[in-house]
Amino acid sequence: MASRLPDPGPDERAHSDRLLQLLRTQIAAHGPIPFAQYMERCLYAPGLGYYSAGKTKFGEAGDFVTAPELGGLFAQCIANAMHPVLAMLGSEADFLELGGGSGAFAEAVLRAFGAAGTLPRRYLILEPSADLRDRQRERLAAALPAALNARVAWLDQPPEEEWRGVLFANEVVDALPTTRFTLRAGEVYEEHVALDGEGRLVRTDRPADALVSGAVRHLERDLGQPFADGYRSEVLPQLPYWVQAVAGTLSAGVMLFVDYGYVRREYYLPERSDGTLMAHYRHHAHNDPLHWPGLNDLTASVDFTALAEAGNSAGFGVAAYLPQAQLLLASGLQVAFEQAHAQAGDDFARHRLAQEVRRLTMPEQMGERFQAMLFARGLDVLPLAAELLAADQGGRL
Ligand SMILES: C[S@@+](CC[C@H](N)C(=O)[O-])C[C@H]1O[C@@H](n2cnc3c(N)ncnc32)[C@H](O)[C@@H]1O
């Protein structure tokens, strides 16, 4: 399967070889590493990982396209949906974006808030990749009026002081390093990455520790049956700690996560017996995470039931869970499209807008593959549009 993938150039090969060398040294010294640690190295190893080494290619010419990269409609709708939250919380409300990518979302949403007169006091970006942070900084400084750009600040870690406002993350949970597990004779094993006799990376299973076994047993209990022998999938045992870490100090406000994924009983369908792990390389999706480490984006779909549990245990209530298409349509997509269409300079721009709407909303594209989960805490009333709340499918969780 890897043979139909485009070949990397010499620089890319050399880059991947450096990461490979690092992995080999670590495995030779300490033994096989859990898959989650391998994924963490591949995505975030300083200067070498996919997200930390200038290798990330967003957009049409890159490895994958996210909703904010398609144009401004996605951010306009999120601004429409979050506008009442910021308006209710008043002049001290902040907006915290996790994982800002190319900065496309920040640019468009700040313009939209500016136009609506509900600018957050500060627009905070929590971005672990130094390379992406630089790219975001350059983009926003060049694109935004100084008064908007002045509100933007980057965080090295989640806010330590209590704050109020909106926390937003598009396609971030799918990028969290995932644990892979399998079952053998009823016992839980964790997938590791080891070296074969010739120094090549190979995947191998080892008995799971208590954290991973406990997380898998929780899934089985919740699903009402044990996983079959040989069944393999992903789980994020650290998700509750992560949500607590990023949102623990949000005392009043809303969190909105958008990502591809499923409710638990759809995620762990018996026929999905090798999980949801995907690698992306120049718009080719494949399933070999060991192929050219550092050059591929690695992701796993989100178990939204697990995200709901994690939010609940951090003290938030799920306010709504709905497909991306419903979120955008309930947040003014039609009007946003018509306004942008009326302002578009030529047929090409109008065609692109129509394409953007299709990709954002068609079920087999992002419309239903992607889901949105809203959480709230510390609010007397829920400042969300009635259409949005009416589209809630939280009963499916
Ligand atoms: C697939 S990209 C999505 C980027 C952007 N949100 C978009 O929609 O275009 C994943 C982003 O999440 C960031 N990220 C990964 N782990 C993170 C974490 N623990 N906290 C915050 N951001 C994280 C990555 O560096 C990257 O910016």
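This passage walks through the salt bridges of the structure, which is a predicted model.

In total, 22 salt bridges are found in the structure. A good place to start is the pair formed by Arg180 and Glu234, whose closest N and O atoms lie 2.6 Å apart. Arg180 belongs to strand 6 (residues 179-184) and Glu234 to strand 9 (residues 232-235), so this salt bridge ties together parts that are 54 residues apart in sequence. Both Arg180 and Glu234 are buried. The two residues also take part in a wider arrangement, a network of salt bridges that links Arg180, Arg184, Glu191, Arg203, Asp205, Arg232, Glu234 and Asp274.

A further link between separate elements is provided by Glu309 and Arg264, whose side chains form a salt bridge with an N to O distance of 2.9 Å. Here the partners sit in helices: Glu309 is part of helix 10 (residues 304-313) and Arg264 is part of helix 9 (residues 264-267), so the pair joins parts that are 45 residues apart in sequence. The surroundings of the two partners can be described in turn. Arg264 is buried because its relative accessibility is 3%, a value under the 20% cut-off. Glu309, with a relative accessible area of 28%, is partly exposed.

The last pair to visit is Arg200 and Glu198, whose side chains meet in a salt bridge at 3.2 Å, N to O. Glu198 has a relative accessibility of 63% and therefore counts as exposed, the cut-off being over 50%. For Arg200 the relative accessibility is 46%, so this residue counts as partly exposed.

Notes
Residues numbered from 1 in each chain as written. Predicted model: local features only at pLDDT ≥ 70, side-chain atom pairs only at ≥ 80, totals over all residues. Heavy atoms only, no water. Salt bridge = Lys/Arg side-chain N within 4 Å of Asp/Glu carboxyl O. Helix = DSSP H or I, 4+ residues; strand = E, 2+ residues; numbered from the N terminus. Buried < 20%, exposed > 50% of the residue type's maximum accessible area, 1.4 Å probe, protein only.
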